[in-house]
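Good morning, everyone, and thank you for coming. Today I would like to walk slowly through two places in one structure, a strand and a pair of helices.

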Amino acid sequence: MSLWRTIATRIGYGVLLLLAVLVLNFTLISVAPGDIADSIAGDMGGADAEVMDEIRARYGLDQPFFVQLWRYMSGVFTLDLGYSYFFNTPVTELVLERLPATLLLVFSSQIIAIALGTLLGVMAAKNPTGIVNVVVSFLALFGFAAPVFWTGILLIIAFVSVFPIFPVGGMQDVTVEGGFFIKALDVLYHLILPMITLSSIYLALYSRLARASMQEVLGADYVRTARAKGVPERSVLYKHALKNALGPVITVAGLQFASVISGAVVVETVFSWPGLGTLALQSILARDTPTIMGILFYSSLVVIAFNILTDIVLRLVDPRIKAG
Amino acid sequence: MSMTDPLLSVEDIVVDFQTRAGKARVLDHVSLEVESGEILGIVGESGCGKSMTALSIMGLVPDPPGRVTSGSIRLDGVELVGMDHERLRRIRGKDIGMIFQEPMSSLNPVFTVGEQIAESVRLHENASPRAAMDRAIAMLRAVEIPEAELRARAYPHQLSGGMRQRVMIAIALACRPRVLIADEPTTALDTTVQAQIFDLLQDLQSDMGTAIILITHDMGAIAELADTVAVMYAGRVVEKGTVETVLSSPQHPYTQGLITCVPHLEPDPPAERSELMEIPGVVPALTDLGRGCAFAPRCRATIDRCGVEKPALLPSEDAHLTACWVAQGGAQR
């Protein structure tokens, strides 16, 4: 019962936050120098002030700031995020077409990073003098030090050029024919390198976090109680201790989600993954304001949704966390 | 020497810890025995090896840094020292249950108390989840927790300290163990709750016939509950015998000190108050124990021999055992 109230409260806050994000984004972009008119004029090889004004009038850019903001906001409520000048497509359609690819990349890399990172953390905490501990320390050093684009490029050199095992980029091979299953396998095949690249930083983060958290929990009195009850060691680790140690990992995973999306932008560019990242890059270069705003809107929507999800998961894992 | 083995016998157990300051002999040839239906009290100051004795019986001496160097622990004649981990695990929680000092932190915060009691029943008796939960609820009733069905679904943080310690007792007794080790079960609780917990332990013990090893520094509790008592100091048993003999005629100066340390409430206090006794000094560091008696630096009645040779645990006049040169009749060899 109170769980549903928590969810409702969180969604309420989420909507408010989203509105704030929209206003902030709109203001920031209006303040930035240059607009579509400059970009179109540039493409046309220059235009006089009269033509520029005409273009601005067509896109409503001649209106006062608050009128523009009001128009934009009322559009958002009907999920009309405007029309992309550069792609000649409604922004919503454009973004929704690209969003699944980004979500696939983001979620798969997060799942890998959380699952593998936690497992490594537990194994390292269990045996502080073992090899896994060294692996975790090395991963942490590498993951924090190496920028993702560099990791991506290294992986491309290793597994595309030197050992041609994986495709260089993209999400699908158009020449592959077959049913849904074959196509899905093909996407998975293309997904592997970008997924590894994006998960590398977070694997480092979560494995260190899980190790520290587990080390602390393993010294707790209730772990001794579990052993005194005759609980098998595996169950002591993965049931009694881990459920307590997961809190920090889940919390940080939730906080990091926004940074994962920005990481995805870089990774998508390196691997020409057809997601929001590549779209963002193209629309920024084209000064395609409605598309940029649309991407920001949907990204914040995803981040806020994921944070609500994190809160729910945390509550399910730890009964001490109360609604707030 | 009795003809039959006692239910649980600890014989000459030695536990060493590797510390930064060197090797520490945490338990030095400790021997104890407890029979079915009997309560053995272990008393001593903090750091004298009471809890480590309990952990070594459970096979839970943290290793590293600790290690059971030598000795023997037998439950019904079955040797526990060096037993393989899997067999020992099956004995823990089933044949030997344990209650810890801190009810606040000894229960897992993320599982319901019912689940935590039911778990050991599932583990040791192959019970179905339903049957295990029924047993858990029955155990909650046995430890006198009201509304047991409701409480079984509560998390530890929703219960008071006394309630939690009752839950710990329910966990420890869920599989009807033959030996229950209670490591300072009431230290963290209010005085009134302490009395309730002791009453509960006594009732359950007479119902189930469980042998209890009660670790405490509360001499009053020992006098009230225990049948036999072992006094520990710096990792050694310094005095051992029935409660009557040890408390009425303590031979070791440390035991004498512990007994006189207990404050008494008098209904009609004399105008001139007697001073509360204390044992001067502190428990020595286990890494630099000398050749002699570890208590000698704090002792009021030392003789030359105390500083050079450790006294053995030998029978004194009224047949209880004491490790004290003075009590054993002084300097003669």
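Before the first place, one term: two strands are said to pair if DSSP finds at least two bridges between them. Please also keep in mind that what you see is a predicted model.

Let us begin in chain B with strand E3, residues 39–43, where five of the five residues are buried, so the strand is largely enclosed by the rest of the structure. If we look at its two faces, B:Ile39, B:Gly41 and B:Val43 lie buried on one side, while B:Leu40 and B:Ile42 lie buried on the other, and both faces are thus covered.

Which strands pair with E3(B)? One is strand E8 of chain B, residues 211–216, which pairs with E3(B) in the parallel sense over five bridges, and the other I will mention is strand E9 of chain B, residues 228–233, which runs parallel to E3(B) and is joined to it by four bridges. B:Val43 is a helpful residue to follow here, since it stands opposite B:Thr216 in E8(B) and also opposite B:Val231 in E9(B).

Now we turn to chain A, where helix H9, residues 221–228, packs against helix H10, residues 233–270, at an angle of about 150 degrees and with the axes 10 Å apart. Because an angle over 145 degrees counts as roughly antiparallel, that is how H9(A) lies relative to H10(A), and their crossing is right-handed.

Which residues meet there? From H9(A) come A:Tyr222, A:Val223, A:Ala226 and A:Arg227, and from H10(A) come A:Glu233, A:Val236, A:His240, A:Ala241 and A:Asn244. Sorted by class, this contact has five nonpolar, two polar and two charged residues.

Conventions: Residues are numbered from 1 along each chain as its sequence is written. Chains are lettered from A and ligands numbered from 1 in the order in which they are written. This is a predicted model: local features need pLDDT of at least 70, side-chain atom pairs count only at pLDDT 80 or more; totals for chains, interfaces and linings use all residues. Side-chain values use heavy atoms; hydrogens and water are left out. Buried means under 20% relative accessible area, exposed over 50%, partly exposed in between (1.4 Å probe, protein chains only). Axes are lines fitted to C-alpha atoms, for helices over the stretch in contact, and angles run from 0 to 180 degrees between N-to-C directions. Angles under 35 degrees count as roughly parallel, over 145 as roughly antiparallel, 65 to 115 as roughly perpendicular and the rest as oblique. A crossing is left-handed if the near helix is turned anticlockwise from the far one by less than a right angle, and right-handed if clockwise. Contact means heavy atoms within 4.5 Å. Ala, Val, Leu, Ile, Met, Phe, Trp, Tyr, Cys and Pro count as nonpolar, Asp, Glu, Lys and Arg as charged, and the others, Gly among them, as polar.
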